Amino acid sequence: MRDKILLFIPGYNCEKQIIRVLGQLDQETMQYFTEIIMVNNRSTDDTEGVVKGFIEKHPYIPMKLLRNQDNYGLGGSHKVAFAYAKEHGFDYVTVLHGDDQGTLSDILPVFKKGLHRKHDCILGARFMRGSRLTGYSLFRSFGNVVYDFLFAAVVKRKIYDLGSGLNVYSVKMLEDSFYEKFPDNLMFNYCMILASQYCAHDICFYPISWREDDQVSNVKMVNQAVTVLKMLYGYWRDPMSIAQDYREKKIEEYKAEVIA
């Protein structure tokens, strides 16, 4: 039986990049995805209009545009998509960021080889042998590698990336919603790494290509670096700390409406 795979594209103010991302949905790629949802996190530019236009021009692609009820952040958009996957009976969720830094074709060999069935999640790795970086500064690469090393020392396994924008998750892994109290910002993926170690999830890293050209980064580097270190230190002292509520704003339910 064919796997039921959801492709989830989160996006915020990426009107220039999103059309290039959607352009990756060619005939070969669509062999693997049952449905695509683009989750618009209350963009203030014309991201929504661009996606609507694409859907109108490609009615044969099974795609929906969702709009978050509020600006939930990247982590919150993940929670919306994970809930959608569980509610609609999907087997796997593939995450591809809408700012056109990752290449969807990089993950297709994972499906061809059936690797997604052998692990709880496949995490795209920008700093692994076989990966390819374009336009990514040496300073940021060095910082990422240092943090990968620190996380690896704590979780006692090799870590090749703390949060790229191209990942595959088994919906079975997500069933108990262990991630609901994780940060709604960019630190969501860091918590997912720690939780996977705590919950004994089987994670696998996979080399991908990554590029930066006209994207606008939402990372506040110094503040985030300090916050991540505090979180990692807390987990090192007491792994059960991963169950605490890391959110700045408590949200009872992450909702989005289908608008196209």
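The dialogue below goes through a helix pair and one buried tyrosine in a predicted model.

Tutor: In this predicted model, local features need pLDDT of at least 70, side-chain atom pairs count only at pLDDT 80 or more, and totals for chains, interfaces and linings use all residues. Residues are numbered from 1 along each chain as its sequence is written, and side-chain values use heavy atoms, with hydrogens and water left out.

Student: Why is helix 1 called roughly parallel to helix 2?

Tutor: The axes of helix 1 (residues 15–22) and helix 2 (residues 47–57) come within 8 Å and cross at roughly 25 degrees. Angles under 35 degrees count as roughly parallel, so helix 1 is roughly parallel to helix 2.

Student: Which residues make the contact between the two helices?

Tutor: With contact meaning heavy atoms within 4.5 Å, Glu 15, Ile 18, Ile 19 and Leu 22 of helix 1 meet Thr 47, Val 50, Val 51 and Phe 54 of helix 2.

Student: What puts the buried residues of helix 2 on the same side?

Tutor: Buried means under 20% relative accessible area and exposed over 50%, partly exposed in between (1.4 Å probe, protein chains only). Thr 47, Glu 48, Val 51, Phe 54 and Ile 55 are the buried ones. They cover an arc of only 125 degrees around the axis, and therefore lie on the same side of helix 2. On the other side, Glu 56 and Lys 57 are exposed.

Student: How do you know that Tyr 169 is buried?

Tutor: Tyr 169 has 2% relative accessibility, so it counts as buried. Tyr 169 lies in strand 7 (residues 166–170) and touches residues including Phe 82, Asp 120 and Met 192.

Key
Axes are lines fitted to C-alpha atoms, for helices over the stretch in contact, and angles run from 0 to 180 degrees between N-to-C directions. Helices (H or I, at least four residues) and strands (E, at least two) are DSSP runs, numbered from the N terminus. Angles under 35 degrees count as roughly parallel, over 145 as roughly antiparallel, 65 to 115 as roughly perpendicular and the rest as oblique. The arc is that of the directions from the helix axis to the C-beta atoms. Lists of a residue's contacts leave out its neighbours within four places in sequence.
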